[in-house]
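Me: Can you walk me through how this one is packed? I'll throw short questions at you as I look.

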Amino acid sequence: MVDTTSLSRAVEHFADRLRAAPQSRLQRSAAAEALGLAREFARRAQLAEDPGREPQEMPDAGMFAVADQITVAGHDLALVLRNEAEVEEAVRLVTEAQKRAGV
């Protein structure tokens with residue numbers, strides 16, 4: 001079994017920062033960046049679970065829901081990762097998205 005603790009921590013940290021961010025920051029770029037990450041994580045998880053099926057896109061539930069969306073998508077992805085390299089890649093994606101979001 002792969003240790004996904006680092007991914008869980010990174011996702012929770014980003015989600016916490018989003019929840020604490022002012023609405024103006026969410027409107028500028030943070031919400032869009034988080035939604036993009038959530039969609040990418042959901043896509044990767046779906047492809048890992050059912051490679052022959054076209055993944056469905058996670059809907060935009062609004063800027064106040066993106067923290068929950070990345071949390072759910074991150075935990076779903078963690079369940080299907082197969083090795084440490086995939087975990088490291090996912091953590092890198094979270095780190096980069098958080099920097100771009102400015103939170």
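Me: What is Ser-29 in contact with, leaving aside its neighbours within four places in sequence?
Reply: In this predicted model, Ser-29 is in contact with Arg-100 and Ala-101, once neighbours within four places in sequence are left aside.

Me: And where does Ser-29 lie?
Reply: Ser-29 lies in helix 2, which covers residues 23–49.

Me: Is Ser-29 buried or exposed?
Reply: Neither label fits, because its relative accessible area of 29% makes Ser-29 partly exposed, the range between under 20% for buried and over 50% for exposed.

Me: How far apart are Ser-29 and Leu-79 in space?
Reply: From C-alpha to C-alpha they are 28 Å apart, with their positions 50 residues apart in sequence.

Me: Back to those contacts. At what angle do helix 2 and helix 4 pack?
Reply: The angle is about 165 degrees and the axes are 8 Å apart, with helix 4 formed by residues 84–101. Helix 2 and helix 4 are therefore roughly antiparallel to each other, and helix 2 passes helix 4 in a right-handed crossing.

Me: Which residues meet there?
Reply: On the helix 2 side they are Arg-25, Ser-29, Ala-30, Glu-33, Leu-37, Phe-41 and Arg-44, and on the helix 4 side Glu-89, Ala-90, Leu-93, Val-94, Ala-97, Arg-100 and Ala-101. Sorted by class, this contact has eight nonpolar, one polar and five charged residues.

Me: What about helix 1 with helix 2, how do their axes cross?
Reply: Their axes come within 11 Å and cross at roughly 150 degrees, so helix 1 and helix 2 are roughly antiparallel to each other. Helix 1 passes helix 2 in a left-handed crossing. Helix 1 contributes Leu-7, Val-11, Phe-14 and Leu-18 to the contact, while helix 2 contributes Leu-26, Ala-30, Ala-34, Leu-37 and Phe-41. By class, the contact of helix 1 with helix 2 has nine nonpolar residues, with no polar and no charged ones.

Me: And helix 1 with helix 3, at what angle do they pack?
Reply: Helix 1 and helix 3 pack at about 175 degrees, their axes being 8 Å apart, which makes helix 1 roughly antiparallel to helix 3. Among the helix 1 residues in this contact are Leu-7, Ser-8, Glu-12 and Arg-19, and those of helix 3 include Asp-68, Ile-70, Thr-71 and His-75. The class count for helix 1 with helix 3 is nine nonpolar, four polar and three charged residues.

Me: Switching to the largest nonpolar core: which of its residues touch the most other members?
Reply: Of its 35 residues, those are Leu-7, Phe-14, Leu-18, Leu-37, Phe-41, Ile-70 and Val-94. Helix 1, helix 2, helix 3 and helix 4 each supply at least two residues of this core, and the largest share, 10 residues, comes from helix 2.

Me: Which residues does Phe-41 touch, not counting those up to four places away in sequence?
Reply: Phe-41 touches Leu-7, Val-11, Ala-73, Gly-74, Leu-77, Ala-90, Leu-93 and Val-94.

Me: Last one, Thr-4. Where is Thr-4 found, and is Thr-4 buried or exposed?
Reply: Thr-4 is found in the segment before helix 1, which spans 5–20. Thr-4 counts as buried because its relative accessibility is 15%, and buried means under 20%. Apart from neighbours within four places in sequence, Thr-4 is in contact with Ala-78, Leu-81 and Val-87.

Methods:
Residues numbered from 1 in each chain as written. Predicted model: local features only at pLDDT ≥ 70, side-chain atom pairs only at ≥ 80, totals over all residues. Heavy atoms only, no water. Helix = DSSP H or I, 4+ residues; strand = E, 2+ residues; numbered from the N terminus. Buried < 20%, exposed > 50% of the residue type's maximum accessible area, 1.4 Å probe, protein only. Contact = heavy atoms within 4.5 Å. Axes fitted to C-alpha atoms, helices over the stretch in contact; angles between N-to-C directions. Parallel < 35°, antiparallel > 145°, perpendicular 65-115°, else oblique. Left-handed = near helix turned anticlockwise from the far one by under 90°. Nonpolar A, V, L, I, M, F, W, Y, C, P; charged D, E, K, R; others polar. Core = buried A, V, L, I, M, F, W, Y, C linked by side-chain atoms within 4.5 Å.
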